[in-house]
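Dear colleague,

Please find below the structure that I am handing over to you. A summary of the findings follows it.

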Amino acid sequence: MSAPVYQCGRFKFERTRPLVMGILNVTPDSFFDGGRFFERERALAHARRMWGDGADLIDIGGESSRPGASPVTESEELDRVLPLVETLAGAGYPLAVDTRKPAVMRATAAAGAAMINDIGALSAPGAIEACAQSGVGVCLMHMQREPQTMQVAPDYGDVVAEVRAFLEARARACLAAGIARECIAIDPGFGFGKTLAHNLQLLRSLGAFAATGFPVVAGLSRKSSLGAITGRDVDERMPASVAAALAAVARGAAIVRVHDVRETVDALRVWHAVEGKGEWTPTPLHAR
Ligand code: 7PJ
């Protein structure tokens, strides 16, 4: 059975409506907003704008995962994200931190981050323990191979069964290390070592992931699969992204990770009303 809540540190998300996680990249080289929000003040302003637009979580990432992106050192990543986490968590925002490094997990959780979003599903030595000790929510994402090579020749027998089995195994490892069941979310990792056909098959079968009982995170926003379908460049993929978010939620996604918060929230609120699913209550701020 589904847990009625997704617990992320001091934030308890009732699972009665989809949640929108707004993306805040603080890297000079991310594929869409890279560089634009590198300066701290602009990053803070963007986070506040997404919150005003109805975001439930702000996902802060200091290392680009795009194919061929250069790796970043621990201290550089901390320089990028920690001041933002301190300021925004201090102001009560629910924050996810997109990182693969246990030291970044520990420091940002101590500074009040609510969730750790790891595209490596907490595979680094010490990552699971860092999260278990701090009580944060975690998002376990599937990726085939590594960012440098993942799109060379993605290959699966049964993509849905393999991705789901991987995520269940990672969730079991988390449970065994003492992470609470209510703190775990899973994500099939759209675009991470997947062809368009794989992404579509995963999206169609999102119900198989939701059936695990863990909240399912879906990140399709402005990704190249949407470009392949529509023929649009990344700057013109907002409507496609909103459609993808709706399709994901209709198939059971609990959280959508998006660049375009205002448009996505409007679309989901209409869907929620049409489905007769009740009130849409905003997530409250919760200062540490
Ligand atoms: C995802 C992510 C995703 C989760 C990125 C991009 C690439 N984290 N981080 N799920 N994608 N959980 O935004 O296009 O799909 S970075």
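Contact, as used in this message, means heavy atoms within 4.5 Å. Please note that the model is a predicted one.

Helix α3 and its surroundings

With that meaning of contact, the cover over the buried residues of α3 includes α2, β5, β6 (115-118) and α4 (127-134). Helix α3 itself spans residues 102-110, and its buried residues are Pro102, Ala103, Val104, Met105, Thr108 and Ala109. After α3 comes Gly112, which has a positive phi near 110°.

Two helix pairs

The packing of α1 against α2 has an angle of about 50°, and the two axes are 11 Å apart. An oblique arrangement takes in angles from 35 degrees up to 65, and α1 and α2 are therefore oblique to each other. The crossing in which α1 passes α2 is right-handed. On the α1 side the contact involves Arg40, Ala43, Leu44, Ala47 and Arg48, which meet Asp79, Pro83, Leu84, Thr87 and Leu88 of α2. Sorted by class, the residues of this contact between α1 and α2 are six nonpolar, one polar and three charged.

Further along the chain, helix α9 (residues 238-250) packs on helix α10 (residues 261-274) at an angle of about 40°, and their axes lie 10 Å apart. The relation of α9 to α10 is therefore oblique, and their crossing is right-handed. From α9, the residues making the contact are Met238, Val242, Ala245, Leu246, Val249 and Ala250, while α10 supplies Glu263, Thr264, Ala267, Leu268 and Trp271. The classes in the contact of α9 with α10 are nine nonpolar, one polar and one charged.

One residue of that contact deserves a separate entry. Thr264 lies in helix α10 and counts as buried because its relative accessibility is 2%. Leaving aside residues up to four places away in sequence, Thr264 touches Val20, Val242, Ala245, Val256 and Val258.

Aromatic pairs

A pair of aromatic rings is described by the distance of the centres and the angle of the planes. How many aromatic pairs does the structure contain? The count comes to two.

One of them joins Phe11 and Phe13, a stacked pair with 6.3 Å centre to centre and 15° between the planes. Phe11 has a relative accessible area of 3% and is therefore buried. Phe13 likewise counts as buried, at 3% relative accessibility.

The other pair is formed by Trp51 and Tyr93, whose ring centres are 5.3 Å apart; the planes stand at 80°, so this pair is edge-to-face. The pair connects distant parts of the chain, given that Trp51 belongs to helix α1 (residues 40-52) and Tyr93 to the loop between α2 (74-90) and β5 (95-98), 42 residues apart. Are Trp51 and Tyr93 buried or exposed? Both are buried.

Residues with positive phi other than glycine

Two residues may be of interest when you examine the backbone. Ala121 is not a glycine, yet its phi is positive, at about 55°. Ala121 is located in the loop between β6 and α4. With a relative accessible area of 0%, Ala121 is buried.

Arg222 is also a residue other than glycine with a positive phi, here near 60°. The loop that holds Arg222 runs between β9 (217-218) and α8 (224-230). Where does a relative accessible area of 5% place Arg222, buried or exposed? The cut-off for buried is under 20% relative accessible area, so Arg222 is buried at 5%.

The segment after α10

Finally, Thr281 is placed in the segment after α10. The limit for exposed is over 50%, and Thr281 therefore counts as exposed, with a relative accessibility of 53%. Although Thr281 and Thr16 are 265 residues apart along the chain, their C-alpha atoms are separated by 9.5 Å.

With kind regards

Terms used. Residues are numbered from 1 along each chain as its sequence is written. This is a predicted model: local features need pLDDT of at least 70, side-chain atom pairs count only at pLDDT 80 or more; totals for chains, interfaces and linings use all residues. Side-chain values use heavy atoms; hydrogens and water are left out. Axes are lines fitted to C-alpha atoms, for helices over the stretch in contact, and angles run from 0 to 180 degrees between N-to-C directions. Helices (H or I, at least four residues) and strands (E, at least two) are DSSP runs, numbered from the N terminus. Angles under 35 degrees count as roughly parallel, over 145 as roughly antiparallel, 65 to 115 as roughly perpendicular and the rest as oblique. A crossing is left-handed if the near helix is turned anticlockwise from the far one by less than a right angle, and right-handed if clockwise. Ala, Val, Leu, Ile, Met, Phe, Trp, Tyr, Cys and Pro count as nonpolar, Asp, Glu, Lys and Arg as charged, and the others, Gly among them, as polar. Rings of Phe, Tyr and Trp (its six-membered ring) pair if their centres lie within 6.5 Å; planes under 30 degrees apart count as stacked, over 60 as edge-to-face and the rest as tilted. Buried means under 20% relative accessible area, exposed over 50%, partly exposed in between (1.4 Å probe, protein chains only).
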